[in-house]
Amino acid sequence: MKFMTDTGDLLEAVLHAQKAVAVRTSMPLLEGILLEASGGQVRLVGYDMEIGIQSVIPADVSESGAIVIDARMLADITRKLPDPLVRFETVSGDREIVQIRSGRAFFSVNYRAGDNYPVLPEVARENRLVLPQRELQSLIARTVFACSTDDSRPALSGCLLESTPDQAEMVAIDGFRLALARHHRDTGDEDSEPYAVRSFLIPGKALRELQQILGDGDAEMYTSENHILFELGSSRLVSRLTQAEFLNYQGIIPTNELSLITVNTDALRSTIERSMLLLSASDQTRSPVRFRTHGEDTLEVYMVTSRGTLDEQVKIQLQGEDIDCTFNPRYIIEALRVVPDERVEMAFKGGVGPCVLRPVEGDAFAYVILPLRT
Amino acid sequence: MSRIQKLDQLTASRIAAGEVVERPASVIRELCDNALDAGATVIRVALEQGGIRSIRVQDDGRGMDAADARLAFEPHATSKITQIEDLDSLATMGFRGEALPAIAAVARVTLQTREQGAAGGFELRLTGGEIVAERELGMPEGTTVLVEDLFHEMPARFKFLRSDRAESQRALDAVTRLALARPDVSFRFDADGKTQLHTPGDNRLESVAYAVYGDAVAKRLQYFRYDDPDGIVQIEGLLGEPGLTRRSRSWETFVINRRPVQVPALLRAVEDAWQGRLMRGEFPFALLHLTLPPELIDVNVHPQKLELRFWNDSQVYRTVRSAVGGALEAMTYAGLERAAAETDAAESDTTAAAGTPPLSGSPRMAAEHGTPAPPELPDLPGTRSMPAGVRSADSEHAPLPQPSYAPAPGRPVQLRLHDVVAADEGAPADSPATEPPTLQARDRLLPRLLEARFRGVLFDTYLILEEGDDFFLVDQHAAHEKILYEQLLAAAAEEAEEGRGGIWIRQPCLAPLPLSLTAARRAVLDARLDLFEALGYAFAFGPDNEVSLSAVPAAAVAEPVASLLELLDDLEEEQPAPDTGTRHEERLLNFATHACKAAIKAHDHLHEQEVAALLEQLVSLAEPFQCPHGRPILIRGSLAELERRFRRSV
């Protein structure tokens, strides 16, 4: 195998593929990145048998071939290469050595033959859905944090992506909270085509990786019975689909609140962040933050832990009944960190009923949590 | 012809005998009971062929005159009670008056007895329950019963006997239990001419334990005593060091008013007191003597008298648990002080504990020691008392009291006992008997740890400390785990005091989380529902055995289902315990796993300052010597021990 390519292109492709490389595996081959050179391009692949990421870069290929190089070393080497161009050439001999030259740097490193590297699952170009990558990225960012990381409950560890001609929604529920993000198609744009009607349940883990390689342009999605393929121009990501029934979430989002507070997003977020400074590692999940309103314009945020207390008053507007309830502070802060809007409202149904956090304007986001009980 | 006939006397006796006399061991138990009731101080039991050929039980008790001897073989003849009310204040072993006739119905029996002060003895021979010969003879005071050819006329029963050896072992077990219950009586047990057990009868529990379990076990036992302030209930006994365990309960023996008993509440109390000190599947050594007013217990439940109903299981449970817990705490510190000097001995202990059952170890012991000690039967060789070298934790302790309860007229004993036990619950460790060793050992050891110089780390896991002529090894993971665990306990206590709810706050589920439970897990859940709800779980039960979670403890939101299943599996392997819903510690134990996860791992590298901080925190703990799972945190060794190993000194 012998090729020459642009160092910058190579680095981006390596970093993408590396995200899907297995961390702990009994197959040493999976700890590396596959480089497959042929016909004017090099294909780079990382695959941990759950998620596969492939990037293709243009190259001057003088001899085709496929090799696997340790992912971490390849990324480190590529990052430090001195010249904008890099050449790869395998040497015939007793040992499997590939030479990497860039400027005056000349590496000779071990590789493994790429013949046995597992093939990414084939996904036929069916069940197509196209969304702008930026919108898809925003949908993921606003929901994936609410996925469960407990793999024993697949329906709760994935996000549901549902599209209708003029909108796309993504929903995550980990059992204790629900995050829903919505995107409306820009119907004023003549070039924008109505979305296909689709519903996919995608593992949270795949979405976390996808989120980091999304850029500009469109994302094309295709599904087979068991897999979903994201085509992102020069990169693609393949993942298993979650085979489980998603919860019927429509009924979970409450309506007809008893109280409604409106608050500046940054103000509330920084208050909660201050309260969480009192948490020690062992407190993380069990010291609640208390919300109590005083009159129509003050919310008292109160936190007690073994290390100390915080008592802070936040300016709000309250409509309806007074509020006094406690929350897992982590659940509140995670939502406040992903809301882009300047002001949010929180709708309450008493001290133990579900609470909805949403932007004051529009329906692009909704987040439901239940207060803690003692 | 009528199908129903009245049974003749012999057949009826044989059927009744089946209830009393199952095998040689039960014959021995009945005869020994009679001997004890006759005030014997020495009892000798001898078997041939597992007791099937012959059983001989000889005592130095009061004996009988000829008339009483004949009457003793009439059904329901007893000297011990005359009317049913007497059962309430019975302090003797046997009382049903059926032992001798029952035995006589199934074997050939020879009774020789000489009443105290009488000029001579008297012999009766019985076959098939009938007296076939009588004669006078010269003999020492006391009674000897010879039982031959047991069950030889009852093929059905005979068939159920095991091998000679197995029957002999059961018989030895029965005598052992009696010996453990009566340290004031010298028991000797011979099988086919070999002495297998011989206790000195010096009224010291340590001596009996030494005779029964051997030197290796006995020197790792600690005497303790607990008196409730009103003197109504009294507990004393021997407890094993925390490392002295077995995979079965055969080292747990309970004696109430000098009667060996099996009471599940006592097992639970003792094992719960050990909580946090035992690995799963291990059982401790405990020999407990409880002394209670006899009217508070009911022994007339089963002819074998093994089981016993208490006036209140749960109060007994609490008293015993707090008494044993206090004693254990005291021992842990004392044990650490001593551990270094006994490493070699401990090695041989381990072999004994792992390899040989405790009872079969006794013949060896019996052969090794032969110091004569009174009292004696004329034809018995010397018994041994405890050698001087064997440690006695509290050599000043009083001998066992004779239970001589007379119910005081009009005194509501039962109610008072209730009050005492309840009042005692709060401060189990404050028992005056256990406090001094606790403070002394702890105060001696802990400051030394702080003074110790840090010498390095073995295997990135064990911290090496040197102080004076001793060195200490500290398991860094276990130490940190215990620190976190005690912090968690303290936080929980504080939160509970402030009414904050703390650990036990619940996070309700947005939608019920369905659980698919195996039948075993489901059974545990049903049985311990109150415990799970106290922890913060809430469940919804649907048709067709469906269960779903509707709330989980706030601390468990990351893996709500997995954490629940783990708990269910833990509990499945555990013994059921009483009062589960209110047992605070039990909940906390379940969070010990949580502490474990946050703790420094075995192979994390620690800097010297971190080591110092770790030790400082460790020393300030309430119980710094064992991790929440019962493993030791600290091992002590000495220069002398190393010098011995390197042959620098002898």
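A contact here means heavy atoms within 4.5 Å. With that in hand, here are the close-ups, all taken from a predicted model.

**View 1. Chain B as a whole, before zooming in.** Chain B carries 22 helices and 24 strands. Of its 650 residues, 53% are buried. Look at the contacts in chain B with a separation of 6 or more, and 71% of them turn out to link residues 24 or more positions apart.

**View 2. Helices α6(B) and α7(B), side by side.** Here α6 (residues 164-181) of chain B packs on α7 (residues 205-213) of chain B at an angle of about 160°, and their axes are 9 Å apart. Angles over 145 degrees count as roughly antiparallel, and α6(B) and α7(B) are therefore roughly antiparallel to each other. Their crossing is left-handed. On the α6(B) side, Thr176(B), Ala179(B) and Leu180(B) make the contact, and they meet Leu205(B), Val208(B), Val212(B) and Tyr213(B) of α7(B). Sorted by class, that contact of α6(B) with α7(B) comes to six nonpolar residues, one polar and no charged ones.

**View 3. Helices α2(B) and α4(B), another left-handed pair.** Helix α2 (residues 24-37) of chain B meets helix α4 (residues 99-106) of chain B at about 145°, with 10 Å between the axes. Val27(B), Glu30(B), Leu31(B) and Asn34(B) come from α2(B), while α4(B) brings in Ala99(B), Leu100(B) and Ile103(B). The tally for the contact of α2(B) with α4(B) is five nonpolar, one polar and one charged.

**View 4. Leu136(A) in the largest nonpolar core.** This core has 104 residues, and Leu136(A), Leu210(A) and Phe291(A) are the ones that touch the most other members. Which residues does Leu136(A) contact, leaving aside its neighbours within four places in sequence? They are Leu131(A), Met170(A), Leu210(A), Leu214(A), Ala219(A), Met221(A) and Phe230(A). Apart from the largest core lies another one, of 56 residues, with Ile28(B), Val109(B), Leu124(B) and Leu150(B) among them.

**View 5. Leu639(B) and a partner from elsewhere in the chain.** Leu639(B) sits in helix α22 (residues 639-645) of chain B. Is Leu639(B) buried, partly exposed or exposed? Buried stops at under 20% relative accessible area and exposed begins over 50%; Leu639(B), at 37%, is therefore partly exposed. Zoom in on the backbone and Phe471(B) comes into the picture: 168 residues separate Phe471(B) and Leu639(B) along the chain, yet their C-alpha atoms are 7.4 Å apart.

Definitions and conventions. Residues are numbered from 1 along each chain as its sequence is written. Chains are lettered from A and ligands numbered from 1 in the order in which they are written. This is a predicted model: local features need pLDDT of at least 70, side-chain atom pairs count only at pLDDT 80 or more; totals for chains, interfaces and linings use all residues. Side-chain values use heavy atoms; hydrogens and water are left out. Axes are lines fitted to C-alpha atoms, for helices over the stretch in contact, and angles run from 0 to 180 degrees between N-to-C directions. Helices (H or I, at least four residues) and strands (E, at least two) are DSSP runs, numbered from the N terminus. Angles under 35 degrees count as roughly parallel, over 145 as roughly antiparallel, 65 to 115 as roughly perpendicular and the rest as oblique. A crossing is left-handed if the near helix is turned anticlockwise from the far one by less than a right angle, and right-handed if clockwise. Ala, Val, Leu, Ile, Met, Phe, Trp, Tyr, Cys and Pro count as nonpolar, Asp, Glu, Lys and Arg as charged, and the others, Gly among them, as polar. A nonpolar core is a set of buried Ala, Val, Leu, Ile, Met, Phe, Trp, Tyr and Cys residues joined through side-chain atoms within 4.5 Å. Buried means under 20% relative accessible area, exposed over 50%, partly exposed in between (1.4 Å probe, protein chains only).
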